[in-house]
Structures are given as structure tokens and as C-alpha cells.
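This report describes the fold of a single protein, beginning with its surface and proceeding to its strands and helices.

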Amino acid sequence: MGVHECLRVHAFTGTYGINYGRIADNIPSPNEVVTLLRAAKIRNVRIYDADHSVLKAFGGTGLELVVGLPNGYLKDMSANESNAMNWVKENVQAFISDTDICGIAVGNEVLGGTDNELWGQLLGAVKNVYNALKKLGLTKVVQITTAHSQAVFANSFPPSACVFKDGVDQYMKPLLEFFSEIGSPFCLNAYPFLAYMSNVNDIDMNYALFQPTQGVRDSKTGLHYDNLLDAQIDAAYAALEDAGFKKMEVIVTETGWASRGDSNEAAATVNNARTYNYNLRKRLAKKKGTPMRPNNVVKAYIFATFNENSKPGATSERNFGLFKANGSIAYDIGFRGLKASSAGSLRFSLKAFRALDWCSSYPLMVTISAVAQLLLL
């Protein structure tokens, strides 16, 4: 299959997607999640593995799914083409006739991460998975990517000064060369929340939350930025251009704001999370680009669907969800037909509920109506 055919593959066909993380022991079943996401009209979904119960639940739904090949598999995938072929057959080919699997994320935040051994295995794994897809005739419908954290960058301010870090670049450039050949984007996990937390003295909170602010001017390009996420995206574009990949698209594969944190995470509040996610949704709905790439419409997967109680680390790590574990909204951002009672539970108008005609699923439908109002573009 030629390169030009591969360029037609797009794993992200909208502008607003969501990450469906499942590191929790108390979240709704995959079937309930499908119902919720369909009602919300969120078409693009990313998962971090290829769990068969999730793949089955998404079958016949019209939802477009990017599956993940976890970092722990990279060594085997890189070492042996047959391992990659077996994985693709078992987790993609076996489901793709019914489940709309449109992408495979090979590893997550590998380059720049703490496991240096994986750095040298990523490209081999990517190529072997792609070759498996090619042999199975699936490269026209399944796109290969990998997501990067901002740890791969140096000099990210101003945006135009950003380059890939020394040490990372020798692994990054061959990877980008291959992605350029097959038409894959550069996937970035971008968190204004983390940037703000690491530099509260120099970053305006309003700038991080898409609130009115005087913004920031890039002294090199003269471009003006009114929010931090756009600046983070353009920093990635600058690094790509410096590396020789000016035409590669940047897609945000994770972004979000924690609604709760530890004592040293003062910015992790319900109000800030509500503000960020509400304003982000409005920004994506405009379907516009960034100052540096005005014609490249910004696309982003929100992190995440649920608060995940089993995630390790700081309290904030477990509180990025738009929803609590029971499926109720994590914070109220003014949904119509819904209001919070004094006890914190949600009440829905009986007239609107009856219109749904799904009386047997009342608690879940309350939540679905809420998220539909929030996320419908």
C-alpha cells in the first residue's frame, strides 16, 4: 500500500474526544459508558489498552475508538514481528468488523519518560504494528500514533523557541520520519494545569483557564496568545518545524484539569476544573487553529471520563474525571433541566425524563442528559 493511500487515514474525525480510563474499581460498566457517550454525542474515544469487554461493548455503536498498546508490550512488539501480528489479530482484526477501531496508540509518553530502555524500542514496535496492519489490509482504516508528554521539549517559552530535548531528539526524529511517511500526526498530552502548578509565579491563572487576560506575546514571531493551551500546541509545532516536519499536524491526546488535590495542589478545585473544561469545550467548538497554525483546527481528547480511584500518585491524579465513579457529574457547569440539590444529588425535570422513555434507566439517564448538554458540539 502506497504512502498516498495512508494519508487518507484519520483516527480523529471531530474536534472533541474523551479518554476513557478505567483504573478504578467502582466505575460504570462499559455498556453503560457507551450509552452515556452516545447520548452525549461524543464520537471519538481513547482507551489505554484493548480490553475485550470494552471492544465488545463499543461494537455497532458508531463510536470511533483508539485502542492502546501499553508500554509493557513494547519490548515484545519491537523484538518480533510475529508478536505484533498476533496482537493486532487478537485485539484489532477480530473486532473491527463490528467495532469502529480507527487507531492504535503504541505506547504512551515513552520518550522523555523514566524508562530509557523503552526509548529505543518504540520505533521498532511502531513499525512492526504498522506492518501487521499492512499485511492484514487495515492501514486504510487504522492509524498508528504514540502520545508524548511535554518532557520531550526544551525551551518551550516563548512557543517559537521550543525544540526537542538533547537525548530525546535522536529517538524522536526517526520516529517522526516514519510517521511523516505514513501520514500520522504528532500526539501531545498537554496540561495547562501542570504547567501552572509548576510555575504559579509567572503564569496567570486566567491565561491557563481560557479566561479574559492580557495574554502573552511571542517576542520572536509577534504572535499573541490568549490561552496557555494554544501556546503549548504551538510550542510543539515549533519543535516539529525545527526538526524538519513543518507540515505534521499536532493533536492533543490528553488535556484536563483536576477538581481535587493535595494541600500543595491549590489549583485543583472544582471551580477551576469546571471553568477549564467549560471554556475548553467552547474553544474547540469554534473549530479554529492556533496563532502559529491558523488553518490546523485544534482537536483534543479530554482527560478523562471518570475519576479513577485506583490511580497512584497525588490526589489530583484520581480527580480528572468529568464524572464521579457513580456516573453523576463531578461538577455542575449549568446544564439545562438539571440542578444540584442541597445534598449534592441531581434532579431532573419529570417532563424531560418522560420524553426519554427510558424509565428503567432513570439514574443513568439523568447523567446522560447532563453530559449531553455539556459536550454537544
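In this predicted model, the accessible surface of the protein amounts to about 16,400 Å², and carbon and sulfur atoms account for 47% of that area. The protein has 377 residues, of which 53% count as buried. Among contacts between residues at least 6 apart in sequence, 69% join residues that are at least 24 apart.

The secondary structure consists of 13 helices and 14 strands. Eight of the strands form a closed barrel with parallel pairing, in the order E1-E2-E3-E4-E5-E8-E11-E12. Within this sheet, neighbouring strands are turned against each other by 25 degrees on average, with direction ignored.

One pairing within the barrel can be described at the level of residues. Strand E11, residues 250-255, pairs with strand E12, residues 300-302, in the parallel sense and over two bridges. Thr-255 has Ile-302, in E12, as its bridge partner.

Two helices lie across strands of the barrel, as the following table sets out.

| Helix | Lies across | Angle |
|---|---|---|
| H10 (residues 228-242) | E8 (residues 186-189) and E11 | about 135 degrees to E11 |
| H11 (residues 270-285) | E1 (residues 16-19), E11 and E12 | about 155 degrees to E12 |

Strand E11 thus appears in both rows: helix H10 lies across E11 together with E8, and helix H11 lies across E11 together with E1 and E12. Strand E12, the pairing partner of E11, serves as the reference for the angle of H11, whereas the angle of H10 is given relative to E11.

Key:
Residues are numbered from 1 along each chain as its sequence is written. This is a predicted model: local features need pLDDT of at least 70, side-chain atom pairs count only at pLDDT 80 or more; totals for chains, interfaces and linings use all residues. Side-chain values use heavy atoms; hydrogens and water are left out. Two strands pair if DSSP finds at least two bridges between them. Helices (H or I, at least four residues) and strands (E, at least two) are DSSP runs, numbered from the N terminus. Axes are lines fitted to C-alpha atoms, for helices over the stretch in contact, and angles run from 0 to 180 degrees between N-to-C directions. Contact means heavy atoms within 4.5 Å. Buried means under 20% relative accessible area, exposed over 50%, partly exposed in between (1.4 Å probe, protein chains only). Accessible areas come from the Shrake-Rupley method with a 1.4 Å probe; for residues, only the protein chains shown count as cover.
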